[in-house]
Amino acid sequence: MIVVNTETLPGYRINEVKGLVQGNTIRAKHVGRDMMAGLKNLVGGELKGYTELLIEARRQALERMLAQAEQLGANAVVNVRFTTSAVTQGAAELYAYGTAVVVEEE
Amino acid sequence: MAWQFWLQVIPFVVFMAFGVFIGGFVERRHFKRLAKKEAALADIFVTNLKVLPKGCVSHQCNLVMGDVTIASDYFKTFAATIRKLIGGELRTYETLMERARRESLVRMLEQARQFGANAVINVRFGSSSISSARGRNRAAMVEMCAYGTAISLSKANSDNDESL
């Protein structure tokens, strides 16, 4: 499965558009990580726990999107975008969406 | 009550000192590291254009991402709180945002390097909010994500991609 955030796929020809595919996940921050974050707010610096949380959440949203694309019989997803929204205090939704297409190498 | 007064003042002074000295040290070190990493990754062509420059062919497309979360220190947060009373530019938070943007870009480029790509096109930045700056402890943190499409670019017939 090829995933890109461009509208066209360099080196490939889009034969068929299968439609919009999407994946989302909502994550709350971990209590232990939150305490560490509280300490970090005194001295500044990177919050590694939160970074990992975000990477993991983004990956999961992407995987869910890809599963949907696979179901449609696509072999690539183009024009992928990520957005987030704050659902409640301390939790965030990560949302990935794109267009599932069938491509052929030129 | 003198001791009650000191009980409030001493932690504040200690936290401020933490912010100014350790926070300042962390920030300077971060900028130095960023400069070094950026220099090492300078050969990757980065653009937010969607289509390839004319006369270029590419193969092997991959989605690459870089995430980072950075916390503000006590001094920065305090300075910004004071500044918010009178309005204007929050300089202490500007460097925070700059660090987050540059770091996420660097991480994205490192991922692109792993794929053996020499260009990243259609770069986008997004920020998310797992933590809120208006929470109980009013701590500011930035969550930044950069993503793009890593490609291997090769020139089909010389000329005009430098013109970009």
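Just after helix α3 of chain B, B:Gly116 takes a positive phi of about 75 degrees. This value, like every other described here, belongs to a predicted model.

The helix that precedes this glycine, α3(B), covers residues 91-114. Its length can be checked against its residue count: at 1.5 Å a residue, the 24 residues of α3(B) should span 34 Å, and because the end C-alpha atoms are 35 Å apart, the two figures agree.

Helix α3(B) has a packing partner in α1(B), which comprises residues 2-40. The axes of these two helices lie 10 Å apart and meet at an angle of about 35 degrees, in a left-handed crossing. From α1(B), the contact draws on B:Glu27, B:His30, B:Leu34, B:Lys37 and B:Glu38, while α3(B) provides B:Thr95, B:Arg99, B:Arg102, B:Glu103 and B:Val106. Many of these positions follow one another at short intervals, and a general property of helices bears on that pattern. An α-helix has 3.6 residues a turn, so residues three or four places apart point the same way. In composition, the contact of α1(B) with α3(B) holds 6 charged residues, together with 2 polar and 2 nonpolar ones.

Chain A presents an open sheet of 4 strands with mixed pairing, in the order β1-β4-β5-β2. Strands β1 and β2 (12-28) of chain A form the edges, each pairing on one side only. The pairing of β1(A) with β4(A) is parallel and extends over 2 bridges; within chain A, Val3 stands opposite A:Val77 of β4(A). Helix α2(A) packs on this sheet, where it touches β2, β4 and β5 of chain A, and its direction makes about 140 degrees with that of β2(A).

The two chains also meet each other, in a contact that takes 37 residues from chain A and 44 residues from chain B. On the side of chain A, at least two residues each come from β1 (2-3), α1 (31-43), β3 (44-46), α2 (48-71), β4 (76-86) and β5 (91-105). That side of chain A divides into 18 nonpolar, 13 polar and 6 charged residues.

Strand pairing also links the chains. Strands of a sheet pair through backbone hydrogen bonds, either parallel or antiparallel. Between the chains the sense is antiparallel for β3(A) and strand β2 of chain B (residues 56-73), which pair over 2 bridges. In register, A:Gly45 stands opposite B:Ala71 in β2(B).

Definitions and conventions. Residues numbered from 1 in each chain as written. Chains lettered and ligands numbered in written order. Predicted model: local features only at pLDDT ≥ 70, side-chain atom pairs only at ≥ 80, totals over all residues. Contact = placed C-beta atoms within 7 Å. Nonpolar A, V, L, I, M, F, W, Y, C, P; charged D, E, K, R; others polar. Pairing = 2+ DSSP bridges. Axes fitted to C-alpha atoms, helices over the stretch in contact; angles between N-to-C directions. Left-handed = near helix turned anticlockwise from the far one by under 90°. Expected span 1.5 Å × (residues − 1).
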